[in-house]
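Please look over the sequence and the three-dimensional model shown here before reading on. The report is meant for a reader who has not met this structure before.

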Amino acid sequence: MILSCQNITKSFGADEIIKDASFHMEEHEKAAVVGINGAGKSTLLKIIMREIDPDAGTVSIAKDKTVGYLAQNQDYGSGNTVYEEVLSAKQPVIKLEQEIRQMEAQMDTVAPDDLGAFMEKYERLMRKFELEDGYSYQSEVSGVLYGLGFTAQEFQKKLKELSGGQRTRVALGRLLAAKPDILLLDEPTNHLDMESIQWLENYLLNYKGAVLIVSHDRYFLDKIVSKVVEIFQHKANSFQGNYTAYAQKKAQIRAAQLHAYYNQQQEIRHQEEVIAKLKSFNREKSVRRAESREKMLEKKERLEKPVDDFTDIHISLKPCITSGNDVMSVEGLAKAFEGQALFHDASFSIFRGERVALIGNNGTGKTTILKIINNMLPADAGAITLGTNVHIGYYDQEHQVLHMEKTLFDEISDAYPNLTNTQIRNVLAAFLFTNDDVFKRIGDLSGGERGRVSLAKLMLSEANFLILDEPTNHLDITSKEILENALVHYEGTVLFVSHDRYFINQVATRILDLHERQLYNYIGNYDYYLEKKEVQRAAAKQDALPAQVLPKAGASTQPDTEASAGGTESWKQRKAMQAKARKLENERIKTESRIEGLEAEIKELEAKMARPDVAVISAKVLELHTQVQEKEAELEMLYERWEELTNE
């Protein structure tokens, strides 16, 4: 056992957060902490890190084990670059390397009598250097940064120049490079795009230490964890298995508890009826029997009705009017910023009843497309046509209009006066505003809370075409499930941007993938997209190769009469030039194809070098490094040949 939490209790003022929470973790175990927002998940991690003290209970960590912690927000005062900050996690190895180099420089000057002891120390340091991945620490740092979505140009950026999300990624990179025995990660996927999340999944799956994750990303948890610790109504309950297994077991337990509760209620009613009947006989024996039954009933331990947070809340979305079948057509859309093209010639159509997910890496232009559709940005080229009776409802956290002086309750009731008080409270509860929270002023809310109010208002609107930009940000799992259910049963049309793969999988009927400035279309959910994306991208690249020059169908292959009459030599020269041109073009296409293949092979080799299971084997790292150098040399020759062929 590497970590044990026993009877942890914590309150803030009158608010009880955690009560008698107990769980433990074994070495190499991957576990998740789940619960609604405010349940105490982050508080639990801070207690483990001893950043805050529990009111009661103990945290035990196995002797000589190191702990690394990723908080949700990072504040750097360091003047380091991105690369320097992550490299600083390797300081013990760097110092060891420096000591070895100093010893190597001194070897020629060591006295013969001291040489034996000197060499023994040198060999000991070398063994330690190898055990601590000394030969591969620089490539490992680069691999981690590439995996987390940083480009080579961003390696030299100063931390003070980065956004909050980028700083969190740097902190995560430094933590992964440090390789503590226990990793505590609080929402590690919040600022990662899909490719980076998939890289992190693979990294954590192969991580040798224990990992405890707080996350609302259900797809991520399904891939990684084998235990779920649920904070529910202040208590901690442990479930073996991933998130899906936990959800199924929890549903089974709740069903069994409900069954037992209703059975007991039925038995109680039956006994009460029997007691009333016996008393109605008004005889000494019957009254005594009734009293005996009453005493037995009073002693019976009553089961409480099991409840889940927001179990009975459902949002129903109904458009005010049905749109035409053709909801929107986009033709030849293009946009660039400061000469950097985001996308070009993007064309797609959306039809009534579809739920379309627009996905892609950070910075590819997904939000830009939504803003162009909503006339918030001009397009450089292209046209957007809306169909008949289409009414757009747009969710964008930066541009939703809220009244800062109003309370949450008034914001909803003023916008939708026909709703009852209960309906308003149910809608706000679905977005995590309960009890007296509904009377908070909008101006006193955080940015994330205002986003949730905006989303609640949009869900009540009677639009028939919802355009949503990251609608699940700041929502816990329960609220995501409520929103998923609402969108799945929505009778209108939905276009949304999201990084939440589980949400996409549940909601989307079609996926538009914005990749390398082009849109790729997949008729299906996220699982279907994963299955087909490599095939479709490869096919699209093949289609994009230049066609060879061939005679048109039906064209004559004989020389013209002018060439036959007196220009036979000229005709032969033209034919020879055409043959040479075809040969050069074929060679250029083959060279281009080989360049693409080599680049992919080098990328794959570099990824292998950065893998934790490979990086620890110095011989393997050196072998891979040699292969990379050989392929890069070949690649350089191919680049030169390609330029020659293009010029010719």
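What follows describes a sheet, one of its strands, a second group of strands and a pair of helices, all taken from a predicted model.

## The six-stranded sheet

An open sheet is formed by 6 strands in the order β14-β15-β16-β12-β17-β18, and the pairing within this sheet is mixed. Its edge strands are β14 (392–395) and β18, each of which pairs on one side only. On average, and with direction ignored, neighbouring strands of this sheet are turned by 15° against each other.

At the β14 edge, 4 bridges join β14 to strand β15 (residues 465–469), and these two strands run parallel; here Tyr395 stands opposite Leu468 in β15. Helix α11 (residues 366–373) lies across β12, β14, β15, β16 (493–497) and β17, and the helix runs at about 145° to β15.

## Strand β17 and its neighbours

Strand β17 (residues 510–515) is largely enclosed by the rest of the structure, because 6 of its 6 residues are buried. In a regular strand, side chains alternate between the two faces of the sheet. In β17 both faces are covered, with Arg510, Leu512 and Leu514 buried on one side and Ile511, Asp513 and His515 buried on the other.

How do the strands on either side of β17 run relative to it, parallel or antiparallel? Strand β12 (residues 355–359) is joined to β17 by 4 bridges and the two run parallel, with Val356 standing opposite Arg510 in β17. Strand β18 (residues 518–522), by contrast, is joined to β17 by 5 bridges and the two run antiparallel, with His515 standing opposite Gln518 in β18. The hairpin of β17 and β18 has 2 residues between the strands, and in this hairpin Glu516 takes a positive phi near 50°.

## Strand β7 and its partners

Strand β7 (residues 210–214) is mostly covered, since 5 of its 5 residues are buried. The cover extends to both faces of β7: Ala210, Leu212 and Val214 are buried on one side, while Val211 and Ile213 are buried on the other.

Two strands that pair with β7 can be described in turn. Strand β3 (residues 30–34) pairs with β7 in the parallel sense over 4 bridges, and Lys30 stands opposite Val211 in β7. Strand β6 (residues 182–186) also runs parallel to β7, to which it is joined by 5 bridges, and Leu185 stands opposite Ile213 in β7. Together with helix α7, the strands β6 and β7 make a right-handed β-α-β unit.

## Helices α5 and α7

The helix of that unit, α7, also meets another helix. The axes of helix α5 (residues 137–147) and helix α7 (residues 194–205) come within 9 Å and cross at roughly 135°. The two helices are therefore oblique to each other.

Which residues make the contact between α5 and α7? On the α5 side they are Glu140, Gly143, Val144 and Gly147, and on the α7 side they are Ser196, Trp199 and Tyr203. By character, the residues of this contact divide into 3 nonpolar, 3 polar and 1 charged.

Key. Residues numbered from 1 in each chain as written. Predicted model: local features only at pLDDT ≥ 70, side-chain atom pairs only at ≥ 80, totals over all residues. Heavy atoms only, no water. Axes fitted to C-alpha atoms, helices over the stretch in contact; angles between N-to-C directions. Parallel < 35°, antiparallel > 145°, perpendicular 65-115°, else oblique. Contact = heavy atoms within 4.5 Å. Nonpolar A, V, L, I, M, F, W, Y, C, P; charged D, E, K, R; others polar. Buried < 20%, exposed > 50% of the residue type's maximum accessible area, 1.4 Å probe, protein only. Pairing = 2+ DSSP bridges. Right-handed = clockwise from strand over helix to strand, strands pointing away.
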